[in-house]
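Colleague: Please take a close look at the aromatic side chains in this model and tell me how they are arranged. I would like one connected account, with the setting of the whole chain added at the end.

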Amino acid sequence: MCTVVFIPGSESIALASLRDENPGRAKALAPFIDTRDGVSFLSPKDPAGGGTWFGVNQWGSGIVLLNGGFENHARQKSYSKSRGLIVADLLTSAMPVVDWSLMDLENIEPFTLIVWSEKNLFQLVWDGAEKHRLRLDAALPHIWSSATLYNTAARDAREEFFQNWIAMNPPVSKLSLLNFFKSFEDAENGFLINRNGKMKTLSYTFTEFTQDGTAEMNYYDFLNYSYHSSSISITSNTEHCLLP
C-alpha cells in the first residue's frame, strides 16, 4: 500500500504492491476469495481495519491502495471510515471508477487508488477536499510511492531507479520484480524499508492478469516468512461500459 507497480506485457499484465506498516499491527490474513453482495473478489485482509489494500474482483478489476494523496498530510484524531474498507466496497462494483466518483468521502483520510479495469488504468486521488481522476497510458510501466512515507526527492529517486530497470527490458515475474526491489538497499527510502523497527515493509503482493482469463495473486509475508498463491477466474460483465 506504499509502493505500487504496474507493468504491461504482451501476454500478461502485472500489478504489484509493497505494504509498509507498523510491525506491531495485527497480522494480515493471506489472500482468499471473499463474496459480498453476490460479487467474488480475491484479496488479503487487514484485521485491524477490516478492509484491504489490494484486490481483484470477478470481472478482473484490480484495485490497490496508497496512503495519502499528492502530498503528506496532518492526520486527524479520527475518521469516519477506514480507507481499506473503501477498497473492499469498490471491489464489489462492476464499475469501480464510476462508483468512486459517486462516493461521499467526507471525513475520509486522503488516499490514492490505482485501478486496472476493462484494460484501462486509472489513478484516483482523494486529497481530503477534492477528488482527482486521471486515466494513464496502460501501454507504459508505472510506479507510485506513498506521499505519507516518501518525500518528493525519495519518490523521484525511486521512479528513476525503476525506469532504469525497465529500460534494460528485464523479464518480468514475481521473482524478478522482488529481486529488483531488493537491489535498492536503503533502509529509509528504498523499496524494502526498516525505519528503526517502527515502520517496515511487511509484505509483497504480485498479481498477474493473464490472457486466459485468470488473475493469480502471489503474497509474500516478510514478517512471518510465508508465501501464499491464489487465483480468481475472470468473467465478462456485459453491463460494464467503458468510461469516456
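**Aromatic pairs and clusters**

Modeller: Phe 180 has a relative accessibility of 4%, and it therefore counts as buried, in what I should say at once is a predicted model. Its ring forms an aromatic pair with that of Trp 165, with 4.8 Å from centre to centre and 20° between the planes, and the pair is stacked. Since planes under 30 degrees apart count as stacked, the angle of 20° places this pair in that class. Trp 165 belongs to helix H3 (residues 152-167) and Phe 180 to helix H4 (residues 174-183), so the pair ties together parts of the chain that are 15 residues apart in sequence. Trp 165, too, counts as buried, because its relative accessibility is 11%, and the cut-off for that class is under 20%.

These two residues are also members of one aromatic cluster, whose other members are Phe 161, Phe 162, Phe 181, Phe 184, Phe 191, Tyr 204, Phe 206, Tyr 220 and Tyr 227.

The structure holds 16 aromatic pairs. Another of them is formed by Phe 6 and Trp 116, whose ring centres are 5.3 Å apart and whose planes meet at 45°, so this pair is tilted. Phe 6 lies in strand S1 (residues 3-8) and Trp 116 in strand S7 (residues 111-117), and the pair thus links distant parts of the chain, 110 residues apart. Both Phe 6 and Trp 116 are buried.

Aromatic rings also take part in two arrangements with arginine side chains. The charged end of Arg 19 sits over the ring of Trp 53, at 4.3 Å from the ring centre, while the charged end of Arg 158 sits over the ring of Tyr 150, at 3.8 Å from the centre of that ring.

As for the setting of these side chains, the chain has four helices and 14 strands. Its radius of gyration is 17 Å, close to the 18 Å that the globule rule gives for 244 residues, so the chain is as compact as a globular protein of that length. Along the principal axes, the C-alpha atoms fill a box of roughly 50 × 45 × 35 Å, and 50% of the 244 residues count as buried. Among contacts between residues at least 6 apart in sequence, 57% join residues at least 24 apart. The accessible surface of the chain, finally, comes to about 11400 Å², and carbon and sulfur atoms account for 49% of it.

Note on methods: Residues numbered from 1 in each chain as written. Predicted model: local features only at pLDDT ≥ 70, side-chain atom pairs only at ≥ 80, totals over all residues. Heavy atoms only, no water. Phe/Tyr/Trp six-rings, centres within 6.5 Å; stacked < 30°, edge-to-face > 60°. Helix = DSSP H or I, 4+ residues; strand = E, 2+ residues; numbered from the N terminus. Buried < 20%, exposed > 50% of the residue type's maximum accessible area, 1.4 Å probe, protein only. Lys NZ or Arg CZ within 6 Å of the ring centre and 35° of its normal. Rg over C-alpha atoms; globule rule 2.2 N^0.38 Å. Contact = heavy atoms within 4.5 Å. Areas by Shrake-Rupley, 256 points an atom, 1.4 Å probe, with all protein chains shown as cover.
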